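Grab a coffee and work through these short exercises with the structure open beside you. Each one has a task and then a solution in steps.

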Amino acid sequence: MAAKKTINNSTVDGKAGFTEYKNYPTRTVATLQGFKPATVKLDKYGGRLDKKTKATGFFYVKKVDGRWWAVDPDGYYFLHNAPNDVQPGSSERTKKALADKYTDRAGWMTATRKFLFANGFNGAGAWSATKEIQAENQKADQPLAYTINLDLMSGYGSKRGGTYVQPGHKGYPNDVIFTFDPGFQEYVEERAKYLASNKKDKNLFGYFSDNEMPLLRKNLDGYLKLPTTEPGYQAAKKWADERNITLETITDQNRQDFLAYAADRYFSIVATAMKKYDPNHMYLGCRFHGAQRYYPELMKVAGKYLDVVSINYYNNWTPEKTWVRDWELFAGKPFMVTEWYVKGEDAPGLANTAGAGWVVKTQADRGQFYQNFTLGLLESKNCVGWHWFKYQDNDPTLVGAEPSNTNANKGIVDNYLEPYPPLLDKMRELNQQMYHLADFFDQRQPQ
């Protein structure tokens, strides 16, 4: 299928552009040799009624016969399949569309829950309308398995000062987080107390602690270049002095070792507080992105504390077979893809210069990309869910939007809350076969 990539994405000064169109190999459900669609009956959560294990009353993950599964509160095998940002935008035209179509946010939520299930989704990803989802789930026969992003480091950074806006995520001084600040641990403890109110909610799939933090191999250099009064500098200097390392003698192995040390501190602080106040729900990680998915030392540390490793997976047309295997080998845990998308050129009024990744010609092409990518995830046997970014298109009329979300066709609905049928037809085709497809890949001989 023909696709192109955005260059200099997220710019608003006219400098953004695109590569030439190029054809990429694209698998779809229809092209799978030997696959015949079949119906798998589902329980109220969207778990498969034909496969059951121990029920705990909450979601958890389990490896069975070589494949990782999420398990729903009633014990049925489950894959978490959701859009991110399930909430209506705040532009004037979207507010008017919501009032005209649904009267209010509660009416929108009722209709949207039914819409998601009708298209084979069973949950809501990060940045969704938590209060409306919780209220709707209380009365719904099919509750949405939702997630919460706590933004702990991001929130602490806003309180502490010194952070800034970058496309897609928060920026930190010298690209290093405040994990060594005594105040961070205190902040996490205080914030985690509020998790106790979710402790009995069966419909909560799990928590993300942050999004796209700069946990990078250059962190040791970054900490050592901070002002000497900074806790991050003092912690890095002590670590380096104990190993007779200076800025001039740092090796790549030192950088990897220190990244593991800094990440261990972050994850241990968060996981300890999270499990203290809500031991029933999964810790889904901090949404790794970019080069982080190629850092074994980071995956190994994450596996000590997380239930599921979350990865925002951009700039690959198809999941990389080696890495979707190795993430599980390094972490000892399954993974979820918590962001990815493709933009269509046929979406009216959207220049598609914002955001990462691919552009294709039509909404039907977007649907084929979705199928190709999720088939690779299902084939891996280590993926327990995927979250498409996102529910609604960016609205270019919205003033003050985050730089990577200004004018792109990322949604399954447009700015008037109207669905894209050619995209959703392909999404639904795969979503409704995802359990049968998992069985198909499990039974097929390795190639």
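**Exercise 1.** Work out which residues Q433 is in contact with, leaving aside its neighbours within four places in sequence.

*Solution.* Keep in mind that you're looking at a predicted model. Start at Q433 and skip those sequence neighbours: you're left with F35, P37 and A38 as its contacts. Next, find where Q433 sits along the chain: in the loop between α12 (421-431) and α13 (434-443). Finally, is Q433 buried or exposed? Its relative accessible area is 11%, and the cut-off for buried is under 20%, so Q433 counts as buried.

**Exercise 2.** Find the strand order of the open five-stranded sheet, then look at one of its edges.

*Solution.* Reading across, you get β8-β20-β17-β16-β15, with parallel pairing. The edges are β8 (80-83) and β15 (288-289), each pairing on one side only. Now zoom in on β8: four bridges join it to β20 (residues 383-388), and the two run parallel. To line them up, use H80, which stands opposite G385 in β20.

**Exercise 3.** Identify the helix that gives the largest share of the largest nonpolar core, and see what packs against that helix.

*Solution.* The core has 136 residues, and Y266, F267, F288, W386 and I412 have the most contacts inside it. Helix α8 (residues 252-277) supplies the largest share, 13 residues. Now go to α4 (residues 152-160), whose buried residues include L152, M153 and Y156. The buried residues of α4 pack against α8, as well as β12 (169-171) and α5 (182-192). Just past α4, G161 has a positive phi of about 95°.

How values were computed:
Residues are numbered from 1 along each chain as its sequence is written. This is a predicted model: local features need pLDDT of at least 70, side-chain atom pairs count only at pLDDT 80 or more; totals for chains, interfaces and linings use all residues. Side-chain values use heavy atoms; hydrogens and water are left out. Two strands pair if DSSP finds at least two bridges between them. A nonpolar core is a set of buried Ala, Val, Leu, Ile, Met, Phe, Trp, Tyr and Cys residues joined through side-chain atoms within 4.5 Å. Buried means under 20% relative accessible area, exposed over 50%, partly exposed in between (1.4 Å probe, protein chains only). Contact means heavy atoms within 4.5 Å.
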